[in-house]
Amino acid sequence: MKTLEDLKRLREQLKTKNTVRHEGGIQIIVGMGTCGIAAGARQVMTAILDEIAKQNLQTVKISQTGCIGMCEKEVLVDVVRPNEPRITYGRVTVDDIPKIISEHIVNGRIVAELAIGKFTE
């Protein structure tokens with residue numbers, strides 16, 4: 001970084017990434033307990049962030065949580081769409097992320113073969 005324009009460009013890039021991680025109506029929650037991390041949760045989180053950026057989805061909130069007691073099903077990823085049940089996906093891999101994002105986040109269709117739970121209020 002050598003100019004003021006470089007600094008402004010970097011600021012806008014970080015601002016966009018921050019918006020992707022912290023604002024929006026749709027939530028993606030990744031289990032990042034030690035069991036999740038051991039199963040590959042960090043790679044899954046990175047794949048989610050990359051896919052969200054690739055598809056330019058700016059209203060998705062991405063967060064992490066600890067272990068919820070289903071360690072054998074890690075990596076766990078929850079998707080919460082407004083006014084819809086919370087869906088938990090289990091044994092998620094990096095290869096599953098484009099399908100979950102395209103089908104559930106973008107089109108609202110649950111990926112049945114990966115879903116292990118459905119929670120209503």
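Me: Let me get the term straight: a helix here is a DSSP run of H or I, at least four residues long, numbered from the N terminus. With that in hand, how far apart are Glu5 and Lys8 in helix H1?

Reply: They sit 3 residues apart in helix H1, about one turn of the helix. Keep in mind that you're looking at a predicted model. Glu5 and Lys8 form a salt bridge, with their closest N and O atoms 4.0 Å apart.

Me: Which residue does Arg9 form a salt bridge with?

Reply: Asp6, and here the closest N and O atoms are 2.5 Å apart. Arg9 and Asp6 are separated by about one helical turn, because they are 3 residues apart in helix H1.

Me: Are those four residues buried or exposed, or somewhere in between?

Reply: The cut-offs help: under 20% relative accessible area is buried, over 50% is exposed, and partly exposed lies in between. Glu5 has 47%, so that residue is partly exposed. Lys8 comes out at 45%, also partly exposed. Arg9, at 48%, is partly exposed, and so is Asp6, with 24%.

Me: What else does H1 offer? Where does Leu7 lie, for instance?

Reply: Leu7 belongs to helix H1, which covers residues 4–22. At 44% relative accessibility, Leu7 counts as partly exposed. Together with Met1, Leu4, Leu10 and Leu14, Leu7 makes a nonpolar surface patch of about 510 Å².

Me: Let's zoom out. How many helices and strands does the protein chain have?

Reply: There are 4 helices and 5 strands. Walk along the sequence and you get α-β-α-α-β-β-β-α-β. For scale, the C-alpha atoms fill a box of roughly 50 × 30 × 25 Å, taken along the principal axes.

Me: What share of the 121 residues is buried?

Reply: Buried residues make up 36% of them. The chain exposes about 7500 Å², and carbon and sulfur atoms supply 50% of that area. You can also ask how far along the chain contacts reach: of those with a separation of 6 or more, 67% are between residues 24 or more positions apart.

Me: Now the sheet. How do I read it, and what is the strand order?

Reply: The general idea first: strands of a sheet pair through backbone hydrogen bonds, either parallel or antiparallel. In this model, 5 strands make an open sheet in the order E2-E1-E3-E4-E5, and the pairing is mixed. Strands E2 (60–65) and E5 (115–119) stand at the edges; each has a single partner strand, so one side of each lacks a neighbour in the sheet. On average, neighbouring strands are turned by 20 degrees against each other, ignoring direction.

Me: What packs on that sheet?

Reply: Helix H3, residues 41–54, which touches E1, E2 and E3. The direction of H3 makes about 175 degrees with that of E2.

Me: Can we take one pair of strands? In what sense do E1 and E3 pair?

Reply: Antiparallel: E1 (residues 26–31) and E3 (residues 77–80) pair over 4 bridges. To find one by eye, start from Ile29, whose bridge partner in E3 is Asp78.

Me: Which side chain meets Asp78 in a salt bridge?

Reply: That of Arg86, at 2.6 Å, N to O. Look at how covered each residue is: Asp78 counts as buried at 6% relative accessibility, whereas Arg86 is partly exposed at 31%. A search of the whole structure finds 6 salt bridges.

Me: Let's go to an edge strand. What does Gln64 touch?

Reply: Gln64 sits in strand E2. Leaving out residues up to four places away in sequence, Gln64 touches Ile29, Val30, Met32 and Met45. Gln64 and Met45 are 19 residues apart along the chain, and 8.7 Å separates their C-alpha atoms.

Me: One last stop: is Thr88 buried or exposed?

Reply: Buried, because the relative accessible area of Thr88 is 1% and the cut-off for buried is under 20%. Thr88 is found in strand E4, residues 86–89. Apart from neighbours within four places in sequence, its contacts include Met70, Leu76, Val77 and Asp78. Also in contact with Thr88 are Leu114, Ala115, Ile116, Gly117 and Phe119.

Notes:
Residues are numbered from 1 along each chain as its sequence is written. This is a predicted model: local features need pLDDT of at least 70, side-chain atom pairs count only at pLDDT 80 or more; totals for chains, interfaces and linings use all residues. Side-chain values use heavy atoms; hydrogens and water are left out. Patches are made of residues with over 30% relative accessible area and no salt bridge: like charges are joined within 9 Å, nonpolar side chains (Val, Leu, Ile, Met, Phe, Trp, Tyr) within 5 Å. Accessible areas come from the Shrake-Rupley method with a 1.4 Å probe; for residues, only the protein chains shown count as cover. Helices (H or I, at least four residues) and strands (E, at least two) are DSSP runs, numbered from the N terminus. Buried means under 20% relative accessible area, exposed over 50%, partly exposed in between (1.4 Å probe, protein chains only). Two strands pair if DSSP finds at least two bridges between them. Axes are lines fitted to C-alpha atoms, for helices over the stretch in contact, and angles run from 0 to 180 degrees between N-to-C directions. Contact means heavy atoms within 4.5 Å.
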